Amino acid sequence: MNKKVQLQDLGNKDYKETWDYQESLFKEIVDIKIQNRKDNTQHPTPNFMLYVEHPHVYTLGKSGDVSNLLLSEKQLAAKGATFYKINRGGDITYHGPGQIVGYPILDLENFFTDIHKYLRFLEEAIILTLAEYGLHGTRSEGETGVWFDVGTPFARKICAMGVRASRWVTMHGFALNVNADLGYFDNIIPCGIKGKAVTSMHVELGKEINEHEVKAKILKHLEFLFEAEIFTTKI
């Protein structure tokens, strides 16, 4: 089992370009697994962790409802935003500047073969990171992601999650609102859940947050939870 994870920070990158890149890494891992099974060999499979910040974009998961996008094509263009239907789970979400997006592309057979555990670990890494800033994030039963004040009229989501997995290889991941412009969420019904607000670390703490610091904290907790070794590589 290979528990080393190659970290690549893509900076600000177009959503479709990043999605294509994810698919190429995903295919690289799956192809090795198929060949191993075919040849009865045990060549190690790589693992990747991508950090990225996207220009304004709305993405709709395969089980999502397009009516949760409240903008026409013309309105999208006016806001400088794009829209994609994609192959992850979940409904609609927004990505944009000031948001930390993480795409773990892992062979879970290097760690554990349990998708629910995988999602809980992603959530836990965010919950532990928020706790370092004095913020009490939690889960909401039946809904993925990380929330505040669940079960109250003030419930609000700070981190969305949606993943795809095939042959125990993952792609897509999480989006944590750090300094994001939350006005863009007004153009959708986030995750298809009506009547629940969205928030950010900037709003909760009343100040600009150092995103590089947040990224480092998330990685620290992912390493601990997955018992992994994350190291930086150049593209």
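1. The residues that line the largest cavity fall into ten nonpolar, no polar and no charged. They are Val5, Met49, Pro104, Leu106, Phe111, Leu122, Leu222, Phe226, Ala228 and Ile230, and the space they enclose has a volume of about 100 Å³. With a threshold of 30 Å³ or more, the count of cavities comes to three. The model is a predicted one, and the points below should be read with that in mind.

2. On the overall fold, the secondary structure of the protein chain consists of five helices and twelve strands. The radius of gyration is 17 Å, close to the 18 Å that the globule rule gives for 235 residues, so the chain is as compact as a globular protein of that length. Along the principal axes, the C-alpha atoms fill a box of roughly 55 × 40 × 35 Å.

3. Burial and contacts can be taken together. Of the 235 residues in the protein chain, 52% count as buried, and the chain exposes about 11200 Å², of which carbon and sulfur atoms supply 52%. Among the contacts with a separation of 6 or more, 74% are made by residues 24 or more positions apart.

4. The largest pocket has a volume of about 330 Å³. Its lining comprises 14 residues, and the closest to the pocket centre are Asn36, Thr41, Gln42, His43 and Glu109. Sorted by class, this lining has two nonpolar, eight polar and four charged residues, whereas the lining of the largest cavity has ten nonpolar residues and no polar or charged ones.

5. The second largest pocket holds about 240 Å³ of space. It is lined by 25 residues, with Arg88, Thr93, Ala160, Met161 and Gly162 the closest to its centre. Several strands contribute to this lining: strand E5 (92-95), strand E6 (99-105), strand E8 (143-148), strand E9 (156-166) and strand E10 (169-177) each supply at least two residues. The class division here is eleven nonpolar, ten polar and four charged residues.

6. Two residues other than glycine deserve a check of their backbone angles. Arginine 167 has a phi near 55°, a positive value in a residue that is not glycine; this arginine lies in the loop between E9 and E10, the two strands that also appear among those lining the second largest pocket. With a relative accessibility of 45%, arginine 167 counts as partly exposed, because that value falls between the 20% and 50% limits.

7. Glutamate 227 likewise has a positive phi, of about 50°, although it is not a glycine. The residue sits in the loop between helix H5 (211-226) and strand E12 (229-232). Its relative accessible area is 58%, so glutamate 227 is exposed, the cut-off for that class being over 50%. Phe226 and Ala228, by contrast, are among the residues that line the largest cavity.

8. Tyrosine 133 is found in the loop between helix H3 (115-131) and strand E7 (138-140), and with a relative accessible area of 17% it is buried, since the limit for that class is under 20%. Leaving out residues up to four places away in sequence, tyrosine 133 touches Met201, Leu205, Ile209, Asn210, Glu213, Val214 and Lys217. One of these partners, isoleucine 209, is 76 residues apart from tyrosine 133 in sequence, while the C-alpha to C-alpha distance between the two is 9.9 Å.

9. Which residues does histidine 221 touch, not counting residues up to four places away in sequence? The contacts are with Ala125, Leu128, Thr129 and Glu132. Histidine 221 itself lies in helix H5, and at 12% relative accessibility it counts as buried.

10. Histidine 202 has its place in helix H4 (residues 201-205) and, at 31% relative accessibility, counts as partly exposed. Beyond its neighbours within four places in sequence, histidine 202 is in contact with Val178, Asn179, Lys207, Glu208 and Ile209. Ile209 is also one of the residues that tyrosine 133 touches. Histidine 202 and valine 146 are 56 residues apart in sequence, and their C-alpha atoms are 16 Å apart in space.

Key: Residues numbered from 1 in each chain as written. Predicted model: local features only at pLDDT ≥ 70, side-chain atom pairs only at ≥ 80, totals over all residues. Heavy atoms only, no water. 1 Å grid on protein atoms, 1.4 Å probe; cavity = no way out; pocket = protein on both sides within 12 Å on 5 of 7 lines; lining within 4 Å. Points joined across faces, edges and corners; volume = space filled by probe spheres on them. Nonpolar A, V, L, I, M, F, W, Y, C, P; charged D, E, K, R; others polar. Helix = DSSP H or I, 4+ residues; strand = E, 2+ residues; numbered from the N terminus. Rg over C-alpha atoms; globule rule 2.2 N^0.38 Å. Buried < 20%, exposed > 50% of the residue type's maximum accessible area, 1.4 Å probe, protein only. Contact = heavy atoms within 4.5 Å. Areas by Shrake-Rupley, 256 points an atom, 1.4 Å probe, with all protein chains shown as cover.
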